[in-house]
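Reader: I am new to this one and would like to learn how its descriptions are justified. Could you show me the structure and then take my questions?

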Amino acid sequence: MGIPSADWLVRPIGPVDEAEVSAVLAERFGVTGTVHDLGSQQDRNYRVRTETGDYVLKIANPASDPAALRAQCAAVERLADASGLRLPRAHAGVDGEVVQRLSAGGVELVCRLLDYVPGEPIMDSRYLAPPVVARLGELAGRVVAGLADFAGVEQERPQLWDLRNALTVVETLAPHLPDQERAARVLRASRAAHTLLEPFVDRLPVQVIHGDVTDNNVVCEPAADGRRMPVGVIDFGDLGLGWTVAELAVTCASVLHHHGAGPASVLPAVHAFHAVRPLANEEVDALWPLVVLRTSVMVVSGQYDTLLDPGNSYASVALDREWAMFEAAVSVPAEVMTAQLRHALGRPSAQLLPVAEHTLLPGLPDDVASLDLSVSSEELHTGRWLAPDAETVLARATLTAGRTAVRTRHGEFRLTRTTVDDSVPAATCALGVELHLTGPAEIRAPWAGTVTRHGDTGVTLHTGGLDLLLDGVDAEVQPGPVVSGRRLGTVAAREGVRVLGIQLFRSCATGGRPPRFAPPELAAGWLEVCPDPTRLFLAPDAPDASSSAPYDAPLSARDAQQAITEAELLERREHSFATVQEHYFETPPQIERGWRHHLVDTRGRGYLDMLNNVTILGHGHPGLGEAVHRQWRRLNTNSRFHYASVVELSERLTGLLPAELDTVFLVNSGSEAVDLALRLAWAATGRQDVVAVEEAYHGWTYASDAVSTSIADNPNALASRPPWVHTVAAPNSYRGRHRGPQSLRYAPEAAARIRELADQGRPLAAFVCEPYYGNAGGMALPDGYLRQVYEATRDVGGLCVADEVQVGYGRLGSHFWGFEQQGVVPDIVTVAKAMGNGHPLGAVITRRDIADAYRTQGYFFSSAGGSPVSSVVGLTVLDALRDEDLQTNAREIGAHLKGRLLELAERHALIGAVHGSGLYLGVEFVRDRESLEPATEETAAICDRLRELGVIVQPTSDRQCVLKIKPPLCLTRRSADVFADALDDVLTHGW
């Protein structure tokens, strides 16, 4: 096979003997040190280590122009003065020149000695988080801004990496490559991209650009969260004249091979570049075709380099990476990505549809009902949306109810397309509509065009650059030209119902048909390419026509409105809702639907909920919903009235506890429950002093906050305790003062402190503690801890309060109550969260004599505590726990999940420990297993990445370095594995 020849094609140079390199360093630069070959595609780069510092000796390809090399050095100096970046500044040789000549293997070469820029690249395939991608875009923007008026480059011949030459490069090299199947794909994609680019080539700004601000040519330093953040730019070997926007295209392309990356992954880079150097409209339109061309050039040039130099491992290793970039770049039509980019920058186009001269379905009645398949649908409740035929079932039910026609809605994010237990977001945005009919209906061409057939019942009407795709047609018309109004056929019958799929598509340069649904992250782009066809068959003034965007509106109007609504809702929240009531995640998804242990946002993305210990039964529990509905329609008042449910709930609660705990108070929350428990202790003992455990959270009311010692919830917790609160050390057997077997010392020390307070004249009213250490990450107390501390408390006349708000109700799996694990019986038990499955309901259960002592304080009353609705909620939750055997599920699935997490700990050093029992677990991240330095920032970043993979989890503990794993008790083995696999993915590929 012949090897092509062109001015811009450069043969790689072979290795230069390291002895020759050392000689050049000493003779030309006066530098001595050790030399290490760094590898390169066409040049040779050697790292030089000396006693005074490190350098890089760059030996340029014979085709390199010394003037161009000097220009590179000048450009670096320009940027060094203005950009604040780490850059490879050049060192002059002993004769004062930065470019030096040498002879190697009989070939005359030139070289330069540059500063070695400390840091590490990110060209491996690990995941790049949005902040890292944004930093890449920012650096590209700063480089082109810094070089905007740089005039030190004279380009006498075309350059390989100049994207103005991209199609020529591909067309020259593709026919000569070994893999002709790939070469043909690249050639087709390049020509299609070039066609889209042609209208802009004379309007795109040209300047000197770096040409290769990529993951391979930036140096990074670890941020606090462990992410490698770019801080400098190296390798100015591709410096030259080019389109300014090409700099961004090159950067975007380099993102695409990283783990989990797709076309939408580049958006943070585009935003960041635009913030530094604003993009003109024509640059936005040119950007994605340039990304396709860049990846195409990389594929063909990489194969060309290995063809010329089979032993060049640097080039051969890159082949898979380069192909992955290309595959990602062409995975979405360039027109779709251009529309998405415009939308992201607030510049949606306003292309209009042609005027329809005839109605698509002239016999269609005016009263066509629209199906609500959105996340807020009232019809799709109790998980029915997960059924594979949910759309058809709902449509048929609507038709059975008396309608003759129903339709779906264009641009709707359909709940029926949501998937669960899937790390890849489902394609949920409808790019067309379906019309369900009870009787026959004829179909006519709304405008003139050319008809083609696809499949048995598919017809496409081509009109200019717009296609009307119809599926479900008994076609009568033959392929070929048709006039406006021509009868195309009738809606085909399928299993007794006639269904017609209708979709509009603005033809793309790459050809093909559009998908029926788009993923949420690319919905805006696809909606612009696939406009709303509703007005083709439904008159603008027809009933129920308002759900579609105006016929002549911008094509992305529905999606733009959806995005604005989400953003505005968050802004309104910040404006009207106290900001100290924080929300999860910096840019939170808008969650509007839940089912069992899953959540769904407004764009139909499903999430695995590993966090929600409030909803112990799971979200959307049908039995609970029906029970509340029935009771609310019947009666809701306060517990001073006499009704059965409050009695039944009280009896059920006492029946779950030791016999002496026989009296119930019903309240609205865990905070109120702990507050009341302390007030009971004060009343019963006539004292106020309380001992609490450090690193614990008990609530936000005056008394419950007073005994809360977690600095994660209140940084001043320990310093701001009232004088009646005393603390003992957190019995943390993993990282506390006493660890492992030594943790048995916590109990006698706490007991001694309690007795010491009594000796000082401050005997306790109460000792309050979670019987399983929740706030620290789901950690068991040392064996015998509560037995010894309760004994000391009672010896001084105090009462023992078990805060079961988080751990009770079977979450441990092995025990229904946390205190059972310690083999003790408290005097007062507080319950909430799980008790109401999200309904505001809590309880305090104690002995009759303690409850009666409250009379000295007056009487107790809670308006909603123990109301008929609240009592029915409490009873229904207990019924479901029993009937669905959720405690057993917590034990079995929790054991499986903990086993998976322990296995991850063997492979990932960041996991210091796995705590907990049942579905009350914690994964503690540490930077060092010896020092136990908490990986606080890493934990937050890991939670962000897990959310991207469809898992909701958050940090806990005073150090915020523990994953809080407290999902609904209906968690399945499959979902437990999904979580473990997602965590493995993050720890393996980065966050």
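Reader: Which residues of H25 are called buried, and what makes them so?
Author: In this predicted model, the buried residues of H25 are Ser 975, Ala 976, Asp 977, Val 978, Phe 979, Ala 980, Ala 982, Leu 983, Asp 984, Val 986 and Leu 987. They carry that label because each has under 20% relative accessible area.

Reader: How do you know that the length of helix H25 fits its number of residues?
Author: Helix H25 covers residues 973–989, which is 17 residues, and at 1.5 Å a residue it should span 24 Å. Its end C-alpha atoms are 24 Å apart, so the two agree. After H25 comes Gly 990, with a positive phi near 105 degrees.

Reader: Why is Ser 708 called buried?
Author: Its relative accessible area is 5%, and the word applies under 20%, so Ser 708 is buried. You can find Ser 708 in the loop between helix H17 (702–706) and strand S30 (725–728).

Reader: What makes the link from the side chain of Ser 708 to His 698 a polar contact?
Author: The side chain of Ser 708 reaches the backbone nitrogen of His 698 at 2.7 Å. The limit for such a pair is 3.5 Å, so this one qualifies. Leaving out residues up to four places away in sequence, Ser 708 also touches others, including Tyr 697, Ala 717 and Arg 721.

Reader: How many residues of the chain count as buried?
Author: Of its 991 residues, 57% do. The chain's secondary structure comes to 25 helices and 39 strands.

Methods: Residues numbered from 1 in each chain as written. Predicted model: local features only at pLDDT ≥ 70, side-chain atom pairs only at ≥ 80, totals over all residues. Heavy atoms only, no water. Helix = DSSP H or I, 4+ residues; strand = E, 2+ residues; numbered from the N terminus. Expected span 1.5 Å × (residues − 1). Buried < 20%, exposed > 50% of the residue type's maximum accessible area, 1.4 Å probe, protein only. Polar contact = N/O pair within 3.5 Å; in protein donor to acceptor, adjacent residues only side chain to side chain. Contact = heavy atoms within 4.5 Å.
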